[in-house]
Amino acid sequence: MKKFIAYFDILGYGERIKQKNIDEEYVIQKRLREEIREIIEKNAKNKADFHTVSFSDTHIFYTNDISEDAFKMIIKSSLIFMLLAAVRRCPYLPVRGAIHYGDFVADHGNTIFIGEGLRKAYEFEKNQNWMGCLISDSCCKQVKDFEAFKFFVEKRVIVNYSVPFKDKRENKYVINIESFPRVWGDKCKHMPVTKPEFIENIFMNRGEGDDGLLSLNEDARKKMENTKEFFKYICAKGN
């Protein structure tokens, strides 16, 4: 059965594991999973219609179907997850994701998760070279007549952008996390995420009172600069 699938990874997780204490990392990952559960509680009209899978640094959201309500859930939940990882908790964590739709079978009891939809979402996620989340062309084609899609575009919740891939740039619709407090209202009304120095803090996993920052290799720095470029574009467009 076809479903909407959001596939996320934490960037630089291998280096993070090398450089950080494993017990501290367990606490951070446990808290992140608790936040994912909160996302479901707040945004799923029926919790049976929305599901998550987490292992290591990978977090997957998926819906029961490809209805308009399911599309709204996958977009808003993905946006909130990205926002929480980057801004609301310490340490800040850069995440990269992709939203796709397609065939997907999930058997939580036997930990079996297979399907072309999942494979494509994984490929879209891995090929990007920044902190961001694209929406696949086929997914956009599927939802283009939804009023929710038109609303998200009008409010710049999703924007068309020249996404940096590892070997090229290509125009895709992407999630704009800056839009959240402006569109839905939130106590985090003045997010610093568009500031270059804060993006650096995210990539180095800085937390309050945390001096043990990650060192960044050339690949990570390129992703960081590509992310700064995106938010510079967003600011120039007036959000």
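**Exercise 1. Find where Ser-78 sits, decide whether Ser-78 is buried or exposed, and list what Ser-78 touches.**

*Step 1.* Start with the secondary structure: Ser-78 is found in helix H3. Helices (H or I, at least four residues) and strands (E, at least two) are DSSP runs, numbered from the N terminus.

*Step 2.* Next comes accessibility. Ser-78 counts as buried because its relative accessibility is 0%; buried means under 20% relative accessible area, exposed over 50%, and partly exposed in between (1.4 Å probe, protein chains only).

*Step 3.* Now the neighbours. Leaving out residues up to four places away in sequence, Ser-78 touches Ala-6, Phe-8, Phe-61, Ile-99 and Ile-175. Contact here means heavy atoms within 4.5 Å.

A word on the input before you go on. This is a predicted model, in which local features need pLDDT of at least 70 and side-chain atom pairs count only at pLDDT 80 or more, while totals for chains, interfaces and linings use all residues. Residues are numbered from 1 along each chain as its sequence is written, and side-chain values use heavy atoms, with hydrogens and water left out.

**Exercise 2. Describe the chain as a whole: how many helices and strands are there, and what percentage of the residues is buried?**

*Step 1.* Count the elements: the chain has 9 helices and 9 strands.

*Step 2.* Look at burial: of the 239 residues in the chain, 51% are buried.

*Step 3.* Check the contacts by sequence distance. Taking contacts between residues at least 6 apart in sequence, 71% join residues at least 24 apart.

*Step 4.* Finish with the surface. The accessible surface of the chain is about 11500 Å², and 49% of that belongs to carbon and sulfur atoms. Accessible areas come from the Shrake-Rupley method with a 1.4 Å probe; for residues, only the protein chains shown count as cover.

**Exercise 3. Check the span of helix H4 (residues 116-127), then work out where its buried residues lie around the axis.**

*Step 1.* The expected span is 1.5 Å times one less than the number of residues. For the 12 residues of H4 that gives 16 Å, which agrees with the 17 Å between its end C-alpha atoms.

*Step 2.* The buried residues of H4 are Gly-117, Leu-118, Ala-121 and Glu-125. They cover an arc of only 95° around the axis, which puts them on the same side of H4; the arc is that of the directions from the helix axis to the C-beta atoms.

*Step 3.* Recall the geometry: an α-helix has 3.6 residues a turn, so residues three or four places apart point the same way.

*Step 4.* Finally, look for the cover. Strand S1 (2-10), strand S3 (58-63), strand S4 (95-103) and strand S6 (112-114) are among what covers the buried residues of H4.

**Exercise 4. Repeat the span check for H9, then link H9 to Glu-200.**

*Step 1.* The 19 residues of H9 should span 27 Å at 1.5 Å a residue, and the end C-alpha atoms are 27 Å apart, which agrees.

*Step 2.* The buried residues of H9 include Met-224, Lys-228, Phe-230 and Phe-231. Their cover includes S4, strand S8 (158-164), strand S9 (169-175) and helix H8 (196-203).

*Step 3.* Glu-200 lies in helix H8 and counts as partly exposed at 29% relative accessibility. Not counting residues up to four places away in sequence, Glu-200 touches Met-224 and Lys-228.

**Exercise 5. Which loop residues, though not glycine, have a positive phi, and how accessible are they?**

*Step 1.* Ser-56, in the loop between strand S2 (50-55) and S3, has a positive phi of about 55°. Ser-56 is partly exposed, with a relative accessibility of 45%.

*Step 2.* Thr-111, in the loop between strand S5 (105-107) and S6, has a positive phi of about 50°. The relative accessible area of Thr-111 is 60%, so Thr-111 is exposed.

**Exercise 6. Place His-51 and name its contacts.**

*Step 1.* His-51 lies in strand S2 and is partly exposed, with a relative accessible area of 22%.

*Step 2.* His-51 and Phe-61 are 10 residues apart along the chain, and 5.7 Å separates their C-alpha atoms.

*Step 3.* Beyond four places in sequence, His-51 touches Ile-60, Phe-61, Tyr-62, Asn-64 and His-108.
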